[in-house]
Amino acid sequence: MKKTSIVSLFLCTSMLILVAVCAYQYMYYNLEREKLEAKNSALEARLEKTVQVDTTETPKVTKDTQFVLEVFHKDKSTFEKKEDRIPSEYIGLTREELILYLDDLNDQIEEVERIKGYEGCELISFSKERVIVRDIYGEPLAESFYLVVEDHYITVYKEDKETIYAYTGIHADTLPKTMKEEVFAGKEIHSMEELYNFLETYSS
């Protein structure tokens, strides 16, 4: 009888231990599963956010973008506006890239354009559908100039014959004989249009 009681007690104790172990394993499994699900949810949210950012399209100029050129004359306070085909150099550029491109153009304004009073261009409006660029003109320069040869190259002086207006980069030896003689004698240019024509004709 005593032996039976001991066996029964042992079996009961074993069952309790087994139940406790199973309960612990069940709770541990559920806890780990919840942690894994939470981790996966966070990862999915991050991936979804990344995809949304990556798929956001930066507006760029296309061949179908409408191009509007404004011409502003500061001395007259007048605007001219015309629509034209988008310049091929603009296609594929973002807003920031187009601004940099226009800045480069402003750094390379030809002297003949400066004579006409051209000061540069700027971006007024940008979208994939429409781009507006403004050319700015100031007051045309003085009407009287003198051409002088210095170090074999032609320099343009203003009418006071002391103030240098521009270095043309035109080598005197590239001029026809008669024109070369006139320039060496200090050729006078009587109008802006005449100076423009000279530079346009002999600039390389």
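In strand β6, Ile154 is the bridge partner of Val149. (Helices, H or I with at least four residues, and strands, E with at least two, are DSSP runs numbered from the N terminus.) Six bridges in total link β5 with β6, and the two run antiparallel; two strands count as paired if DSSP finds at least two bridges between them. Together β5 and β6 make a hairpin with two residues between them, and Asp151 in that turn has a positive phi of about 55°.

Before we go on, keep in mind that this is a predicted model, where local features need pLDDT of at least 70, side-chain atom pairs count only at pLDDT 80 or more, and totals for chains, interfaces and linings use all residues. Residues are numbered from 1 along each chain as its sequence is written, and side-chain values use heavy atoms, with hydrogens and water left out.

Now look at β8. Strand β5 (residues 145-150) is joined to β8 by three bridges, again antiparallel. Leu147 sits opposite Lys187 of β8, while Phe145 faces Ile189 in β8.

Put the strands together and you get an open, antiparallel sheet of four, in the order β7-β6-β5-β8. β7 (164-171) and β8 (187-189) are at the edges with a single partner strand each, so one side of each has no neighbour in the sheet. From one strand to the next, the twist averages 30°.

Helices pack on this sheet too. Helix α4 (residues 177-184) touches β5, β6 (153-158) and β8, and its direction makes about 95° with that of β5. Contact here means heavy atoms within 4.5 Å; angles run from 0 to 180 degrees between N-to-C directions, with axes fitted to C-alpha atoms, for helices over the stretch in contact. Helix α5 (residues 192-202) touches β5, β6, β7 and β8, at about 30° to the direction of β7.
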